[in-house]
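Here are my notes on the two-chain model you sent round. Have the structure open while you read, and go through the points in any order you like.

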Amino acid sequence: MACKRSGVQFPSAPPFVFGGLNYHGSMPAVTVVMRTFERPVMLARAIASVQNQTFTDWELVVVNNGGDPAPVDSAVAVARQAQPSCSLRVIHLEDRFGMEEASNRALASCASEFFAIHDDDDSWREGFLGRAVEVARANVSAAAVVTGVTKIVETYRGGKVWPVAYENFYLDEGRLTYRGMIGNNTFPPIAALFRTRLLSEVGMFDSSLPVLGDWEFNLRAVNVGGFVYVNERLANYHTRTADSDRAAGNSITVGEDLHRDVKLRLQDRWLAEPSVNGVNKGLLSISAQALLDIDEIRRHGVANGGGEGVDGEHIAHRTAEIIALRKTWRRVARALRHPGHGVRAVKRLMRRVFGK
Amino acid sequence: MLLTAEQVLDGTPTATVLTVDFFDTLITRSVAQPTHVFAVMEQHLVAELGSAWSGFAVKRVRAEHDARVVAASDEPMRDVTIDEIYLAFAQAHGSSMAERRMLIEREKSTELALVKPVAFGVALVSAARARGMRVVIVSDNYMPASHIVNMAHAAGYSWVTPDDVMVSCEHGGMKHNGELWRAVIEEKSLDVAAVLHVGDDVLADGTMPASFGLATNVRDVMRRSHRVMANTSPAVLPLSRIEALYRDRSANGIWPSAEVLGGGAIALLVASQIVDVMNALKSRGVRSVQFIARDGYLAHQVWEKLRASGADLPPASYTALSRSVIWRSRIENVSEEVAHRLVGDDEVLTVERLGRRVGCELQSAKSGPLTADEARALLMANGSHIVAASRELRSRFVSYLRSVGLLDEGHHLLVDLGWTGSTMADVAEVVCEETAGAATVEGRLLGMYWDAVPHRQRVPLHGYAMNEFCGADDNVRLLGCQSLFESLITAPHGSVVGYSPSTVPEFAHTACEQRAYREVGEAIAAAALESAFRILAGTHESGVTASDISGDVAWATMMQLGHTPRRDEVELVSSVSHVTSVDHEGDGEPLIAPMPSQFVVHSELPEVYDSLMHANWVQGTLARWESDATTRWIPDEIRKLSPMFQPQWVQIP
């Protein structure tokens, strides 16, 4: 199907299937998708985080994204001992795919009212699902519910994990609007509960993106119903310190360059899309990103070193690139409209390159 | 024994006027401290209006502080009003005018619902009125006199009229700073020589009125249940209600510290262990429930008593396991790592004691004390003997597990206090190995650390009061007070150190533990057993029942006692030592570390902190050091070093 705003094609949710029956024989209210790859220690913790929920009408789908099946099966088997009646199934993918493809595989059979993406290194406070479902049901038009987040910085070494620090992840209602999110990915997936009907309305996650697929999906989703913010910190977003074992790193801290590249790719994709109501999604994203960076400086203060993380040079280069890109597009468009202008332009270019 | 009301009045025979404090002298509440009234409000707000009101109680405390700061900047002597407090609340949290009014009305109605007369206060004003004395209520409070009158009526003081009440928020000054006393004397035209004042605060009701020439009597017994005021949430209420009951019962006598500690916090924690098991039983088929020695001793006793009284509970075992036995039964070679686990860095051991520790005779050329390195070298030199002893121990251990049914096919719940799950994981592996997976084990712990994460791959674990998803601060707080809980939630016998050939558990006889149990533990355990049973049977006089217990309540109880102990609790356990050595021999470490040398300097504080964390009850020790003017600076500095040891543990959500 095509995104309503950009026209880009995304796979739609498959037709309703009965793969997600829980042990009572009825549909669970929430499908929790947990993608994992070679982190059995954290996977065991993440499964326990779901099992600890006071809201119990859920099914958990663990997607082993091409990793060794044995440790995953073992962690799941141990978890089942603690809650034999819980609905917990595993999908072993034959190869390692992108995170979004892994999510799509699990969601392909999702028939629940809601779904959530619970990464294998994150965790929920026990009231997360209960509160999020309560708010989602009270706001029937909302596409998603997002709760407050605690960022936990931890060290993982030699199979052991211990906390180093934790802080409040900055989030407010403004950052959950389209304009609030277009500049940057403003919340981690662990904080959100989505309405499953979104998958048929805006399509699935974009499998072509190795990272930031959640951001791209959120931007499509927020246009069809808006996100409701619950100002209670019920989700824990875990990141590892630099001295942790590399396998334990989360995708942002380990792959900062990749995130930057994918973000540029996405912005380029949006720049090429036609404007809607005179607004180009790519341009809006870039200018919103600059505003967010300024906001970041204002909140943290330059004196506190808050400005150090803002790459002013990068922003300037990027703006110049966009201007150049837009100029080229304009020339191409003009050449198509007036072929004579195009021929003259090509002649000028050849004279410049090869001399008179 | 405290003076009776008549004796207090007889002490000042010339007095014709009795001025009397109101809160904690004439009336009290059915909770342990004033800020717990806000916790009751929060409970009702959340139940009626939703979880957005979570955290109300602590926000209300903060709002009062903010209002006082604002008021003091203009007029330092005056008290704030309830309206100013809720104005500060509204400014901080964006409440509407309607919400402010609603909250003020709710606070007043909650106070009226919880108010109770103090028996001494009733006797005092009755005797004074019988003697023809005029009685004036003088109170430092933010509520208007009209509300004080309503509360007095609700408590049975039906004679009180607004003319009989002088309250600080209406007279531009407080008892604490003397201004209210000036107003009382002027407005009521009192002859100070003919006035007796009775209250509960040394400064406001003693020093200040005495400076105006009034005779005074300070009686602070109703404050004995108070802890840090800033810690208030609905989760504190079960312990608060039980401690309020003890406060009222002992209002005319000595505070029974051991009984309060046992019947209050320890009983609630023991009851929590059982409630957790009951919850688990509802959702899965279980072959057996095993309370693990020694942390599960009290819970097992209560379980059996409940069964004897007709409760519908399955049989449960009291199972003698210990970390050291399981370690020793799994030694397959004596590597350097194993030697390090068996001998601590700071230990000095004899060859004989080291032999007892590993369960075999050791061949050594040296007699006399061994340093840690020498001891480890000796262990490695005797590796084959130790491995043989380990195999024998494993064989007996497995036989013991079979005898208690832990190797029977099915799922078994193991109940323990905490903390990392490593012992549970080791047991789970032994059970799995011996039964080829036919028997499985699940750990039900009261508290769990971050360290538990890797063990989750080997055994399902559940932390009732706390698990590894809680914040780092709470982990550190729990680490600071775990030795207290291990010392108080325990059995009359020592830790299991082995099994006889007929698989009977052999317990250590550690002198310091036996003495501590006789002096302190026994009384605490007796009160805990009785109180926990009553809570779970639904017959506790406080009204607290099993349905009031949750993980949050268990955590709050742990923090109320472990993180913000009262002085009497610290004194009570000051003679208790905590033994952690592998063989359970030696003198252990005192829960309350001795006062540091007067020569401690600031740069040594990190070392002091590490030592406390390693060996003692940190929060109890800090409270003890704080009570002495010469060492007070040390807790202050340590709390700067580790802010999680600041007294407030209930945070605004």
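What follows is a set of numbered comments on helix packing, the chain interface, salt bridges and a few backbone details.

1. First, a reminder that this is a predicted model, and everything below should be read that way.

2. Let's start in chain A with the pair α1 (residues 40–51) and α2 (residues 69–82), whose axes come within 9 Å and cross at roughly 30°. With angles under 35 degrees counted as roughly parallel, α1(A) and α2(A) are therefore roughly parallel to each other. The crossing is right-handed. On the α1(A) side the contact uses A:Pro40, A:Leu43, A:Ala44, A:Ile47 and A:Gln51, while α2(A) brings in residues including A:Val72, A:Ala75, A:Val76 and A:Arg80. By class, that contact comes out as ten nonpolar residues, one polar and one charged.

3. Just before α1(A), have a look at A:Glu38. This residue sits in the loop between β1 (30–36) and α1 of chain A, and its phi is near 55°, a positive value in a residue that isn't glycine.

4. Helix α1 of chain A also takes part in a salt bridge: A:Arg45 pairs with A:Glu154, and the closest N and O atoms are 3.0 Å apart. A:Arg45 belongs to α1 and A:Glu154 to strand β6 (residues 144–157) of chain A, so the pair ties together parts that are 109 residues apart in sequence. Over all chains, the count by this rule is 66 salt bridges.

5. How many salt bridges does the rule find across the interface of chain A and chain B? Zero. The two chains do meet, though: 32 residues of chain A are in contact with 28 residues of chain B. Between them the chains bury about 2300 Å², with 60% of it on carbon and sulfur atoms. On the chain A side, A:Val78, A:Gln81 and A:Tyr166 lose the most area to chain B, and together they account for 21% of what that side buries.

6. Over in chain B, α2 (residues 36–49) and α3 (residues 56–74) pack at an angle of about 135°, their axes 8 Å apart. That makes the two helices oblique to each other, and their crossing is right-handed. From α2(B), the residues B:Phe38, B:Ala39, B:Met41, B:Glu42 and B:Leu45 meet B:Phe56, B:Ala57, B:Arg60 and B:Val61 of α3(B). Sorted by class, this contact has seven nonpolar residues, no polar ones and two charged.

7. Further along chain B, α12 (residues 297–308) packs with α20 (residues 511–537) at about 45°, the axes being 10 Å apart. So α12(B) is oblique to α20(B), and α12(B) passes α20(B) in a right-handed crossing. B:Leu298, B:Gln301, B:Val302, B:Lys305 and B:Leu306 make the α12(B) side, facing α20(B) residues that include B:Leu529, B:Glu530, B:Phe533 and B:Leu536. The tally here is nine nonpolar, one polar and two charged.

8. Finally, two cis peptide bonds in chain B to check by eye. One runs from B:Ala293 to B:Arg294, with omega near -5°; B:Arg294 is in the loop between β8 (288–292) and α12. Another goes from B:Gly418 to B:Trp419, with omega near 15°, and B:Trp419 lies in the loop between β10 (410–416) and α18 (422–435).

Key:
Residues are numbered from 1 along each chain as its sequence is written. Chains are lettered from A and ligands numbered from 1 in the order in which they are written. This is a predicted model: local features need pLDDT of at least 70, side-chain atom pairs count only at pLDDT 80 or more; totals for chains, interfaces and linings use all residues. Side-chain values use heavy atoms; hydrogens and water are left out. Axes are lines fitted to C-alpha atoms, for helices over the stretch in contact, and angles run from 0 to 180 degrees between N-to-C directions. Helices (H or I, at least four residues) and strands (E, at least two) are DSSP runs, numbered from the N terminus. Angles under 35 degrees count as roughly parallel, over 145 as roughly antiparallel, 65 to 115 as roughly perpendicular and the rest as oblique. A crossing is left-handed if the near helix is turned anticlockwise from the far one by less than a right angle, and right-handed if clockwise. Contact means heavy atoms within 4.5 Å. Ala, Val, Leu, Ile, Met, Phe, Trp, Tyr, Cys and Pro count as nonpolar, Asp, Glu, Lys and Arg as charged, and the others, Gly among them, as polar. Buried area is the accessible area (1.4 Å probe) that two parts lose on being put together, summed over both. A salt bridge is a side-chain nitrogen of Lys or Arg within 4 Å of a carboxyl oxygen of Asp or Glu.
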